[in-house]
Amino acid sequence: MGHSDGEHQLEGDDLSADDASWSDGVWSEDDDEGSGSGSGSGSGSGSDADSDEAAAEESDSSEDEVAPRNTVGDVPLEWYKEEEHIGYDIDGRKIKKRDREGRIEAYLKNADDAKNWRKIYDEYNDEEVQITKEEAKIISRLLKGKTPHGNVDPYPDYVDWFEYEDKGHPLSSAPEPKRRFVPSKWEQKKVVKLVRAIRNGWIKFDKPKEENNLYLLWGDETDTAENKRHGLSYIPAPKPNLPGHEESYNPSVEFIPTQEEIDSYQLMYEEDRPKFIPKRFECLRSVPAYEKALREGFDRCLDLYLCPRTRKKRINIDPESLKPKLPSKKDLRPYPKTCYLEFKGHMGPVTSISVEITGQWLASGSCDGTIRVWEVETGRCAKVWNVGGDVRRIAWNPLPERPILAAIVGHDLLLINAEVGSEEVQMRAKELLKIDEMAPQDNTDGKKPAVRWMKHEKLDGITLIHHKAVSNVEWHFKGDYFTTVVPSGDTRAVLLHQLTKKHSHHPFRKLPGLPVAATFHPTQKMFFVATKKFVQVYDLQKAQLVKKLESGFREISSISIHPGGDNVIVGSKDGKLCWFDTDLSTRPYKALKIHSKDITNVTFHRKYPLFASSSEDCTAYVCHGMVYSDLNQNPLIVPLEILRGHSSSDGRGVLDCKFHPKQPWLFTAGADSVIRLYCD
């Protein structure tokens with residue numbers, strides 16, 4: 001009894017008190033029945049208990065002592081789920097499955113069995129195993145987080161196994177030896193030997209393997225990458241269409257064509273002609289062989305052999321996400337959108353307008369043979385000149401102290417005093433327009449001079465008589481030079497004139513085509529000449545071609561330079577407008593199809609990021625064009641407003657448009673003899 005009590009006391013210390021199955025009371029009831037009845041049975045009972053413990057310790061449940069009787073190895077037991085056996089023993093005999101008990105029977109059996117909590121079902125061997133007392137102790141200690149065996153001390157005292165002198169100073173205080181600071185001669189000899197071997201070619205390095213430059217003839221890069229990973233994918237051939245009612249040997253009456261329809265098939269093109277004409281037979285055995293069976297089978301084989309097939313990946317993309325995100329129009333104000341004032345007085349179409357540099361005066365030319373000067377704020381006509389011919393183009397001198405107008409009247413160019421400003425300014429303008437005799441012209445080629453400067457007695461101005469009709473005139477930003485364009489193929493098509501010296505010369509010996517327009521760079525000594533298909537940029541100081549801009553249009557009609565000088569817009573006669581970034585490329589940065597008819601003029605604003613275009617479809621487009629100082633950022637182009645209001649006359653609409661030099665206002669001149677002012 002004393003031995004049993006002591007054993008129970010040890011077990012109580014090792015087992016968990018929280019789990020009922022591992023409590024002390026269970027051990028006393030199950031395993032120590034002999035100890036409880038020792039007074040009545042004597043030593044015989046004690047021997048029986050010892051024999052039970054020995055039998056439990058020698059049970060077959062220990063995998064270390066007895067090998068499993070099922071020898072199937074790593075074969076999953078699910079394969080024997082539908083079989084009557086679970087495997088084979090060491091002799092090769094089948095191991096039959098036990099009869100399964102019901103849940104109620106198992107519950108009643110386990111309720112009467114006090115040792116049920118110590119039994120575990122071994123699915124691999126299809127048997128129940130009872131754990132021993134020592135195994136229960138190990139499980140209990142593992143649940144508590146202790147070592148499996150109780151006689152192991154997890155925290156033993158440190159034992160110093162080494163004895164040495166001067167225990168108080170474990171590190172040596174001896175100075176570092178010299179050999180640690182001197183380079184090794186042996187390593188030097190080894191390195192020299194390796195270098196000599198590499199130079200002599202005794203040591204050869206592995207060269208990288210060259211990949212075969214093979215690619216699929218009908219595939220793309222993505223297909224090639226997938227083929228490397230997964231191999232060539234099989235793409236089935238498209239199946240031919242199944243025969244319908246027309247191919248039946250006894251089709252319905254509505255499928256059988258009449259003789260007139262058959263005759264009409266012969267008048268059709270071969271590709272539009274039906275491939276099969278249905279016929280009707282009384283029975284199936286009277287159906288003849290198909291005469292095109294061999295031919296169509298051969299064509300089918302050719303299609304399968306020659307026609308390549310590729311697998312196309314469909315990408316589901318929202319179309320709205322592909323549209324560029326443009327800023328709101330409210331954030332881009334101010335810009336002209338409402339007609340504020342109308343200038344009426346001309347009797348014919350207003351072909352050209354020009355705004356004075358201060359923005360106070362507006363000059364206009366018309367086919368009625370008059371030039372008018374208007375006051376912008378009031379719309380009052382301040383001056384009228386009857387020049388006696390159609391005014392095609394008009395341009396105001398960009399200097400405020402020189403109120404001089406250059407107008408193309410008929411075939412020649414007319415310079416007149418606008419008679420605006422102070423008396424001192426008008427006197428200077430009159431002195432510039434004085435000419436006593438015909439100025440000598442450039443006559444180096446021995447030919448007739450290209451331009452003759454003549455005094456206009458009636459208007460007290462100067463007339464520049466050209467050899468052919470002039471189509472365009474533009475001033476230099478300094479106000480002394482101006483250029484005229486004569487649409488001809490000779491060397492005198494583009495001319496430069498100097499007002500102070502009354503001198504003209506032709507700077508180009510040859511042009512690639514008929515010139516349409518010419519203009520000066522806003523700040524540099526550059527000159528732009530627009531032909532029907534190209535825009536050529538010349539350096540006047542070096543007298544050489546710098547760039548050639550390719551528009552791709554059928555015919556260029558107008559050109560305008562950004563105040564910064566690096567961007568150009570070009571209008572064409574097919575209703576398209578293109579934006580050039582000369583620093584980026586010689587091809588258009590953006591091409592806009594905005595008008596349905598010819599574009600008559602394009603223009604930039606001097607101060608605001610705006611540009612406009614006018615067309616013969618009676619509309620004028622206003623767009624936002626922001627040019628950033630950062631060269632890595634592209635210009636921002638946003639269409640803003642379509643200005644309408646002009647009526648068509650003889651198939652012509654808006655003939656010219658100009659911005660106010662200081663305000664976000666736009667002037668438009670129409671074929672209906674009206675000039676409109678659009679404001680924000």
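**Close-up views: salt bridges, a helix and a buried arginine**

**View 1. Glu342 and Lys344 pair up in this predicted model.** Glu342 is partly exposed, since its relative accessible area is 30%. Its partner here is Lys344, and the closest N and O atoms of the two side chains sit 3.4 Å apart, which makes a salt bridge because the cut-off is 4 Å. Lys344 counts as exposed because its relative accessibility is 57%, and the cut-off for that label is over 50%.

**View 2. Asp89, Asp91 and Arg93 form a salt-bridge network.** Zoom in on Arg93 and you'll find its side chain meeting that of Asp89, with 3.5 Å from N to O. Asp91 is linked into the network as well. Is Asp89 buried or exposed? Asp89 counts as buried, because its relative accessibility is 17% and the limit for buried is under 20%. For the wider picture, the salt bridges come to 15.

**View 3. Glu424 and Arg428 meet along helix H13.** Both residues belong to H13, which runs over residues 423–432. They are four residues apart, or about one turn of the helix. An α-helix has 3.6 residues a turn, so residues three or four places apart point the same way. The salt bridge between Glu424 and Arg428 has an N to O distance of 2.9 Å. Arg428 is partly exposed, given its relative accessible area of 43%.

**View 4. Helix H8, from its cap to the glycine that follows.** At the N-terminal end, Ser184 does the capping: one of its side-chain oxygens lies 3.5 Å from the backbone nitrogen of Trp186. H8 itself covers residues 185–199, which is 15 residues. How far apart are its end C-alpha atoms? They are 21 Å apart, and that agrees with the 21 Å expected at 1.5 Å a residue, because the expected span uses one less than the number of residues. H8 is followed by Gly201, and the phi of Gly201 is positive, near 85 degrees.

**View 5. Arg372 is buried but has no salt bridge.** This arginine lies in strand E8, residues 370–375. Asp368 has the nearest side chain of opposite charge, but it is 5.1 Å away, so it falls outside the 4 Å limit for a salt bridge. What does the side chain of Arg372 reach at 3.0 Å? It reaches the backbone oxygen of Gly345. Leaving out residues up to four places away in sequence, Arg372 touches several others, including His346, Leu362, Cys381 and Lys383.

Methods:
Residues are numbered from 1 along each chain as its sequence is written. This is a predicted model: local features need pLDDT of at least 70, side-chain atom pairs count only at pLDDT 80 or more; totals for chains, interfaces and linings use all residues. Side-chain values use heavy atoms; hydrogens and water are left out. Helices (H or I, at least four residues) and strands (E, at least two) are DSSP runs, numbered from the N terminus. A polar contact is a pair of N or O atoms within 3.5 Å; within protein, one must be able to donate a hydrogen and the other to accept it, and residues adjacent in sequence count only if both atoms are side-chain atoms. Buried means under 20% relative accessible area, exposed over 50%, partly exposed in between (1.4 Å probe, protein chains only). Lys and Arg count as positive and Asp and Glu as negative; His and the chain ends are not counted. Contact means heavy atoms within 4.5 Å.
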